[in-house]
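The following exercises concern one protein structure. Please study the sequence and the model before attempting each task, and compare your reasoning with the worked solution.

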Amino acid sequence: MSYLILNKLQKSFGTVVAVEGIDLAVEKGEFISLLGPSGCGKTTTLQMIAGFVEPTGGAITLQDTDLVRLPPNRRGLGIVFQSYALFPHMTVAQNLAFGLEMRGVGRNEIAELVREMLNLVGLSDKAGRYPRQMSGGQQQRVALGRALIIRPSILLLDEPLSNLDAKMREEMQIELRQIQQTLGTTTILVTHDQHEALALSDRIVVMSAAKVEQIGSPVDVYEKPATPFVASFLGRTNIFMGEVKDRILNIGGHKVPFDHPVEGRISISVRPEKLRVANASSTGLAGRVMTRVFQGDHWLFEVHTPAGPAVVISQNSGTAVPAVNENICLAMKPDDVVLLPATGGAR
């Protein structure tokens, strides 16, 4: 049986449905991200697990224990908020020790556990500092250590990296994942950052308008989006209309083998990095370069095609690239063309 189970979990605020019947089974030690835009229900879901919001319906079960019947302080969960919520009048060591003191842990054991956690989060030389004397990344590590030191059954993270700059966020993503894997703590992260979810998660729960659109590994939700929303929300994508006849897909006059048992008009997704720029005499989807933007390690092209506008990402290999208004062809492999269903739904 799974470690944590959400069964038809739902929440309404008056007539507004915030979460509509989520089903999710989380394994012990797994890192799960709830990903979606603002207002999709991901934070409300996390707050129901934490006990800060009471569900309207459904169940939350942790190792056969009904969490809904327990107050937040008896659920044994660790929580890191977006604001870190550190005690400003306490040093790093005192912030880490606070949760253990509230649980009646002995002084010698607290000292040992604080020392171990300081080493784990890389703050052994900062034990006597106050939060105001630390950078945002260091404060984030303190908040993470304070949540983990009590050895929680589940670690809940509410957009903990959103206040950091881009470079620090990438560094903290790596550190967070390493710490989580070292301790093996079951973790649920709320984020609107697609790159963060892809980098950290074992599985991603993509949410939109109070519902789950898709649940899967980072590779699955990116490479095989279940709905048009997932395709467009997880990074850039091109959504084209095409027509299938006898297992051949016609996209704007370009024909591609298509191994799906469908016929007629369909919607497909092709990621920008899967499209390859070739000269106009090559086989592919004909197009004209409307815009090109140099972005260091790659070029970004906007291309007009008979199937509609396309965005193309080409790695910067140092070779010449097409100019604006130049006619080109966009080549694609059959495996890179993803069939999108006409209607959304959880997968």
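**Exercise 1: The surroundings of S314**

Setting aside neighbours within four places in sequence, S314 is in contact (heavy atoms within 4.5 Å) with V277, H298, W299 and F301. The model is predicted: local features need pLDDT of at least 70, side-chain atom pairs count only at pLDDT 80 or more, and totals for chains, interfaces and linings use all residues. Residues are numbered from 1 along each chain as its sequence is written, and side-chain values use heavy atoms, with hydrogens and water left out.

Task: Determine in which strand S314 is placed, and whether S314 is buried or exposed.

Solution. Step 1: S314 belongs to strand β18, residues 308-315; helices (H or I, at least four residues) and strands (E, at least two) are DSSP runs, numbered from the N terminus. Step 2: Buried means under 20% relative accessible area, exposed over 50%, and partly exposed in between (1.4 Å probe, protein chains only). Step 3: S314 has a relative accessible area of 16%, and is therefore buried.

**Exercise 2: Salt bridges**

Task: State how many salt bridges the structure holds, and examine the partners of K126, K274 and R276.

Solution. Step 1: A salt bridge is a side-chain nitrogen of Lys or Arg within 4 Å of a carboxyl oxygen of Asp or Glu. The structure holds eleven salt bridges. Side chains of opposite charge can pair when their charged atoms come close.

Step 2: K126 pairs with D125, and their closest N and O atoms are 3.0 Å apart. K126 is buried at 13% relative accessible area, whereas D125 is exposed at 58%.

Step 3: In the salt bridge between K274 and E223, the closest N and O atoms are 3.4 Å apart. K274 lies in the loop between β14 (264-270) and β15 (276-279) and E223 in helix α7 (residues 218-223), so the pair ties together parts that are 51 residues apart in sequence. E223 is partly exposed, at 31% relative accessibility.

Step 4: D336 and R276 form a salt bridge whose closest N and O atoms are 3.8 Å apart. This pair links distant parts of the chain, 60 residues apart: D336 is in the loop between β19 (327-331) and β20 (338-340), and R276 is in strand β15. D336 is buried, with 16% relative accessible area, while R276 is partly exposed, with 32%.

**Exercise 3: An open sheet**

Task: Describe the order of the four strands in the open sheet, and identify the edge strands.

Solution. Step 1: The order is β2-β1-β4-β5, with antiparallel pairing; two strands pair if DSSP finds at least two bridges between them. Step 2: The edge strands are β2 (16-26) and β5 (65-66), each of which pairs on one side only. Step 3: Strand β1 (residues 4-13) and strand β4 (residues 57-62) are joined by five bridges. Q10 has G57 in β4 as its bridge partner.

**Exercise 4: Nonpolar cores**

Task: Find how many residues the largest nonpolar core has, and which elements give two or more residues to this core.

Solution. Step 1: A nonpolar core is a set of buried Ala, Val, Leu, Ile, Met, Phe, Trp, Tyr and Cys residues joined through side-chain atoms within 4.5 Å. Step 2: The largest has 32 residues, and L157 is one of those with the most contacts inside it. Step 3: The contributing elements are α2 (92-102), α3 (107-120), α4 (136-148), β7 (154-158) and α5 (166-183). Step 4: A second, separate core of 29 residues includes A18, I22, I49 and M207.
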